[in-house]
Amino acid sequence: MRIARYEHHGEHRTGRVEDDGIHPFPEGVTALTATGDAPTGEPVPLAEVRLLPPVQPPSVRDFVAFEEHVEGVRAAVDGASGVPDAWYEAPTFYFTNPHALVGAHDDVPVPPGCHALDFELEVAAVIGRAGRDLTPERARDHILGYTVFNDWSARDLQAREMRVGLGPCKGKDFATTLGPWLVTADELEPYRDADGFLRLALTAEVNGAVVGRDLLSNMGWPFEDLVAYASRGAEVRPGDVLGSGTCGNGGCLAELWGRNGERTPPPLRPGDTVTLTVEGIGTVANTVVPGPDPLPVPPARRRPRTRP
């Protein structure tokens, strides 16, 4: 089942996507509570709605599960080569901003102070029921479905702040695309390979030109492993979003910059449209627009280290 959250005539609703229309669920039904036999109303044409992020997550974790991406971006961001040994030991993630989600076709403003805007082609799993200290086998039953995930990135801001030794913050927290809808996990089971990975084709385009292609099955861990790790000593809750991390072979511009030794293709600019397609799920396409100038924040004051 494909479940969309949408705006139509100023009203926000959730419904089941069939062909070129959305059949609205009864008021109050969400992607987390919908069932395959939920009653629906008369279809609304997809062309008449604004697609919203399919869920409103309490948290968003973004992993880095593609080895090829790590290798390329490390070269671009800090000039390092190879993949650190720690990457292979366990799946790593950071928390991003659940309040900065944008829909499948919304415009994305350039974040204040950014001069190196980038996209990241990912797939996200959405948690359907709570769990803690899950095994990978149990974790599969906690995944409600999947959606396309674009982790927009301000590479120049990210490069500065990560030198401090923490994860990205203002380099990442301004926009994350989710959409176009949620595809329930059962719909994607035919794509599962013998090793337990979802073999979905991934394509990234900028202004209609293909810049990246990969397979979701090139992840270092399947989603069940990511969910199990996220639940270690912590709870995953319904609606939580877990991103796969960016795919390789042009899943973002920074990877290509690292491999090419220069910013080719160039950073995104206002007017550019990024289109990401995931087999079995769908397509999101967002256009970059001008953003506000940064408001000044002073540097740290060097304070005397006095003690009481």
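Me: Hi! Quick one to start: how are H1 and H7 oriented to each other?
Reply: Happy to help! In this predicted model, the axes of H1 and H7 (residues 253-260) cross at roughly 65°. Angles of 65 to 115 degrees count as roughly perpendicular, so H1 and H7 are roughly perpendicular to each other.

Me: And how close do the axes of H1 and H7 come?
Reply: They come within 7 Å. The crossing of H1 past H7 is left-handed.

Me: Okay, pockets next. How much space lies in the largest pocket?
Reply: About 660 Å³. The pocket is lined by 27 residues, and the closest to its centre are Val64, Val73, Arg74, Gln158 and Met162.

Me: Which element gives the largest share of the lining of that largest pocket?
Reply: That would be H1, with six residues. At least two lining residues also come from each of strand E6 (60-63), helix H2 (85-89), strand E7 (93-96) and helix H4 (155-161).

Me: What classes of residue does the lining of the largest pocket have?
Reply: There are 13 nonpolar residues, eight charged ones and six polar ones.

Me: Cool. What volume does the second largest pocket have?
Reply: About 310 Å³. Among the residues lining the second largest pocket are Pro111, Pro112, Gly113, Cys169, Phe174 and Pro294. By class, that lining divides into six nonpolar, four charged and one polar.

Me: Changing topic: in what order do the five strands of the open sheet come?
Reply: The order is E9-E21-E20-E16-E17, and the pairing is mixed. At the edges sit E9 (108-109) and E17 (209-215), each of which pairs on one side only.

Me: What holds strands of a sheet together, by the way?
Reply: In general, strands pair through backbone hydrogen bonds, in either a parallel or an antiparallel way.

Me: So how many bridges join E9 to E21?
Reply: Two, and E9 and E21 (residues 282-289) run parallel. One pair to look for is proline 109 with valine 289 of E21, its bridge partner.

Me: Now the backbone. Is the peptide bond from glycine 179 to proline 180 cis or trans?
Reply: It is cis, with omega near -5°. You can find proline 180 in strand E15 (residues 176-184). The bond from threonine 264 to proline 265 is cis too, with omega near -5°.

Me: Where is proline 265?
Reply: In the loop between H7 and strand E20 (273-278).

Me: Last one: what is the phi of aspartate 133?
Reply: Aspartate 133 has a positive phi of about 50°, although it is not a glycine. Look for aspartate 133 in the loop between strand E12 (131-132) and helix H3 (136-139).

Conventions: Residues numbered from 1 in each chain as written. Predicted model: local features only at pLDDT ≥ 70, side-chain atom pairs only at ≥ 80, totals over all residues. Heavy atoms only, no water. 1 Å grid on protein atoms, 1.4 Å probe; cavity = no way out; pocket = protein on both sides within 12 Å on 5 of 7 lines; lining within 4 Å. Points joined across faces, edges and corners; volume = space filled by probe spheres on them. Helix = DSSP H or I, 4+ residues; strand = E, 2+ residues; numbered from the N terminus. Nonpolar A, V, L, I, M, F, W, Y, C, P; charged D, E, K, R; others polar. Pairing = 2+ DSSP bridges. Axes fitted to C-alpha atoms, helices over the stretch in contact; angles between N-to-C directions. Parallel < 35°, antiparallel > 145°, perpendicular 65-115°, else oblique. Left-handed = near helix turned anticlockwise from the far one by under 90°.
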